[in-house]
Amino acid sequence: MNSSKEDFCNTPWILQRADPYVYRHTDRTYYFTASVPAYDRIILRRSQTLTGLADAEETTIWKKHESGHMGNHIWAPELHFLEGKWYIYFAAGDAEDKWAIRPYVLECADADPVTGTWTEKGKMGCAEEDEFSFRSFSLDATVFENHGEHYYVWAEKVGVGKMISNLYIARMESPCKLATVQVLLTTPDYDWERVDFWVNEGPAVIKRNGRIFLTYSASGTGACYCMGMLTADENADLLDPASWKKERYPVLKSDPSLGIYGPGHNSFTVDEEGNDICVYHARQEAVIEGDPLYNPNRHAMLMKLEWEEDGRPVFRYR
C-alpha cells in the first residue's frame, strides 16, 4: 500500500482499535498495539513504515485467563523496550469481577516480540512503603525516560461515594516495580473533565525543547472524551506536583464539522522523516446507542504535530 500519512491524517487509519500505541524500535521497525473490541487479548502489528501498520498482519501474543486475575477487560496495552527486554503494560479485570481492574506486566526476552515467548510477570509492584497504589481500579499505565530514570504514570480511582480517576506518577526501580510512593499529578478540576464521569486517564509523554509534555484524556468515552495536557521542565523534580503546569482547556476535542468525536487516549511516535505524530482514537458518530465503552467504533487515527515558536505542541485537525 502506498498511501501517505496525509491520506490517514484525522481519518480512520486502523479500524476498531481503541487506545492505540505505536512504538518505533532502534532498528526503525514500527510496532502497533491497542485495545480490541472484545477486550479479550493483546495484539501486535509491525511494519517498516508507519502507514504500513494499517495493512500489517495482526498477531495475538496473549489471551485472557478463563478464571481469576487477568480474565476480563483487557485494556490499553503498551509495548516498551527496557533493559534489553520487551515489556507490555496493560490493565485487566478478574474473570469473576470485570471491574477489578489492575495494572499487569508481560515480559519477552527474545529479539522478536511478535514471535517471541511472553511471560506473565503479574501485577505491577509498588514501592514497599506505598500503602495506596493499585489497591483500587487502576489502568492506562505508560512509561517514559528522563535523565536516565524511568517513570511510570497511571490512572487510579479514589473516593468515597463518587469515584474519581486521577493520574499518578512514580519513579521505577525495575520494569516490574516502582521505587517511590505515588504522587498525584492531576485530578479532574474542570467541567470538561467531568462529563458523564470525573476522569483523568490515558497518559502519554513526548519530550521536546527541554520540556516534558504529558497528555491525558478526560470525561466519559463518548463524544465528550477529550485531551488535556501537563508540562514540566526536563530538569525539574518530576515527583514534585508543583513542577507540572496544567492547561486550563483541552488541547484536543470533538469537531463535528469534520465528523471527529471523542478524540483521546493517544500515544506519540515519529514518521520516517522524523516528524512528530500523535496517534489517537476517535469516533465518527456523535450519538452512540448503548454504553459507549462497548461500542467498537473507536478508530485509530494519525495527526502530524505542529510546534509553536515557544516550543509547545499544537494539536490541529487541519
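Two strands are taken to pair if DSSP finds at least two bridges between them. On this basis, the predicted model contains an open sheet of three strands in the order E18-E19-E20, with antiparallel pairing. Strands E18 and E20, the latter spanning residues 299-304, form the edges of this sheet, each pairing on one side only, and the twist from one strand to the next averages 30°. Between E18 and strand E19 (residues 276-283), which run antiparallel, there are six bridges; in one of the residue pairings, Thr-269 has Ile-277 of E19 as its bridge partner.

Strand E18 also contributes to the open space of the structure. The largest pocket has a volume of about 680 Å³, and of the 25 residues that line this pocket, Tyr-21, Tyr-23, Val-143, Val-205 and Phe-268 are the closest to its centre. At least two lining residues are supplied by each of E1, E5, strand E9 (138-146), strand E14 (200-208) and E18, with E14 giving the largest share, six residues. By class, the lining of the largest pocket divides into 13 nonpolar, six polar and six charged residues.

The second largest pocket holds about 450 Å³ of space. Its lining comprises 23 residues, among which Trp-75, Phe-197, Glu-201, Thr-221 and Leu-293 lie nearest the centre of the pocket. Ten nonpolar, six polar and seven charged residues make up the lining of this second pocket.

Enclosed space was examined as well, and a search of the whole structure finds two cavities of 30 Å³ or more. The largest cavity, with a volume of about 60 Å³, is lined by Gln-16, Ala-18, Ser-35, Val-36, Pro-37, Tyr-39, Leu-293, Tyr-294, Asn-295, Pro-296 and Arg-298. The lining of the largest cavity has seven nonpolar, three polar and one charged residues. Leu-293 thus appears in the lining of the largest cavity and also among the residues nearest the centre of the second largest pocket.

The second largest cavity has a volume of about 30 Å³, and its lining is formed by Asp-19, Pro-20, Tyr-21, Ala-76, Pro-77, Glu-78, His-265, Asn-266 and Ser-267. Strands E1 (18-24), E5 (72-82) and E18 (261-270) are the elements that give two or more residues to this lining, in which four residues are nonpolar, three polar and two charged. Tyr-21 lines the second largest cavity and is also one of the residues closest to the centre of the largest pocket.

Methods
Residues numbered from 1 in each chain as written. Predicted model: local features only at pLDDT ≥ 70, side-chain atom pairs only at ≥ 80, totals over all residues. Heavy atoms only, no water. 1 Å grid on protein atoms, 1.4 Å probe; cavity = no way out; pocket = protein on both sides within 12 Å on 5 of 7 lines; lining within 4 Å. Points joined across faces, edges and corners; volume = space filled by probe spheres on them. Nonpolar A, V, L, I, M, F, W, Y, C, P; charged D, E, K, R; others polar. Helix = DSSP H or I, 4+ residues; strand = E, 2+ residues; numbered from the N terminus. Axes fitted to C-alpha atoms, helices over the stretch in contact; angles between N-to-C directions.
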